[in-house]
Amino acid sequence: FFFLMIRRPPRSTLSSSSAASDVYKRQELGDVEPSPHRERPSLKAPTIERAQLGGKLMETDALLRDSFSSEQELSRVEERVRDGIALLDELPKLAAQGEVLEGGLFQELLQRLAISSTMKESTNMLHTPKGVRRSSVITRTPIKGSRRAHSCVSMACDKLFGEEPDMLAALLQRVHRLRELLRIKIEDNKDLDLARDALREVEGLIRNLWWYAEESGGQPKSSTGAERVAGLLSQLRAS
């Protein structure tokens, strides 16, 4: 007996645009809003001692542009922090797909965001509008061929999102929210790593704040969750 071997045709390689679509297909275009029904990762035990919370909170207040003194505000900041972490974790994948440096891609997104007069116009920012002169990439350590490198990053960005303008709009909105959230000026890969680590520290602090608030945080057991959160934050900032 002879067996007929049928070879499958090789799978086509995903284009950069398709790969970018896979990364961002679940991202929404709207602002990040806290969901009252979303499960919050709970701690079995605090990872920050109660005596250290005040100092950590002070560092967080200096790091974030958003202030929070209530349960609702803390939930909103938590959502924005998580979105920022997700964005910074996805950025290296996009940079790898475009075969460019992560910091260069972020700078390109910042420039496209700056050119756009409003966030609603960002869907038309696949290419620089006529008559608008784009500035060169600014980095802490100027490198040879920076103009040429910037051109390559711009072309890579066009290739990534050339068929997905709505996806680029969503990405620019997330970059915009990250800039509004953090006081850190991001210029290169080291700054991106710093921002990533800082947001994870903030996320850890927020989880501990929820835990201590649940344990009453010095408030009467009969008080509501919102009252316990507000009371805990007030105590920590007053100490």
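This briefing covers the overall fold of the chain and the packing of helix 2 against helix 7, with attention to Thr60 and Val202. The model is predicted. The protein chain holds 8 helices and 0 strands, and helix 2 and helix 7 pack at an angle of about 135° with their axes 10 Å apart. Thr60 lies in helix 2 and Val202 in helix 7, and the two residues are in contact with each other.

**The chain as a whole**

- Read along the sequence, the secondary structure follows the pattern α-α-α-α-α-α-α-α, in keeping with a count of 8 helices and 0 strands.
- The protein chain has 239 residues, of which 41% count as buried.
- Among the contacts in the protein chain with a separation of 6 or more, 76% are between residues 24 or more positions apart.
- The accessible surface of the protein chain comes to about 15000 Å², and carbon and sulfur atoms account for 52% of that surface.

**Helix 2 against helix 7**

- Two packed helices are described by the angle between their axes and by the distance between the axes.
- For helix 2 (residues 53-63) and helix 7 (residues 189-214), the angle is about 135° and the axes are 10 Å apart.
- Angles over 145 degrees count as roughly antiparallel and those from 65 to 115 as roughly perpendicular, and the two helices are therefore oblique to each other.
- The crossing of helix 2 and helix 7 is left-handed.
- On the side of helix 2 the contact is made by Leu53, Lys56, Leu57, Thr60 and Leu63, while helix 7 contributes Ala198, Glu201, Val202, Leu205, Asn208 and Tyr212.
- Sorted by class, the contact of helix 2 with helix 7 has 7 nonpolar, 2 polar and 2 charged residues.

**Thr60 in helix 2**

- Thr60 has a relative accessibility of 5%, and because buried means under 20%, Thr60 counts as buried.
- Not counting residues up to four places away in sequence, Thr60 touches Phe68, Val202 and Leu205, and both Val202 and Leu205 are listed among the helix 7 residues that make the contact with helix 2.

**Val202 in helix 7**

- With a relative accessibility of 2%, Val202 likewise counts as buried.
- Leaving aside its neighbours within four places in sequence, Val202 is in contact with Thr60, Leu63, Leu64 and Val81, of which Thr60 and Leu63 are named on the helix 2 side of the packing.
- The C-alpha atoms of Val202 and Glu78 are separated by 8.5 Å, although these residues are 124 residues apart along the chain.

Definitions and conventions. Residues are numbered from 1 along each chain as its sequence is written. This is a predicted model: local features need pLDDT of at least 70, side-chain atom pairs count only at pLDDT 80 or more; totals for chains, interfaces and linings use all residues. Side-chain values use heavy atoms; hydrogens and water are left out. Helices (H or I, at least four residues) and strands (E, at least two) are DSSP runs, numbered from the N terminus. Buried means under 20% relative accessible area, exposed over 50%, partly exposed in between (1.4 Å probe, protein chains only). Contact means heavy atoms within 4.5 Å. Accessible areas come from the Shrake-Rupley method with a 1.4 Å probe; for residues, only the protein chains shown count as cover. Axes are lines fitted to C-alpha atoms, for helices over the stretch in contact, and angles run from 0 to 180 degrees between N-to-C directions. Angles under 35 degrees count as roughly parallel, over 145 as roughly antiparallel, 65 to 115 as roughly perpendicular and the rest as oblique. A crossing is left-handed if the near helix is turned anticlockwise from the far one by less than a right angle, and right-handed if clockwise. Ala, Val, Leu, Ile, Met, Phe, Trp, Tyr, Cys and Pro count as nonpolar, Asp, Glu, Lys and Arg as charged, and the others, Gly among them, as polar.
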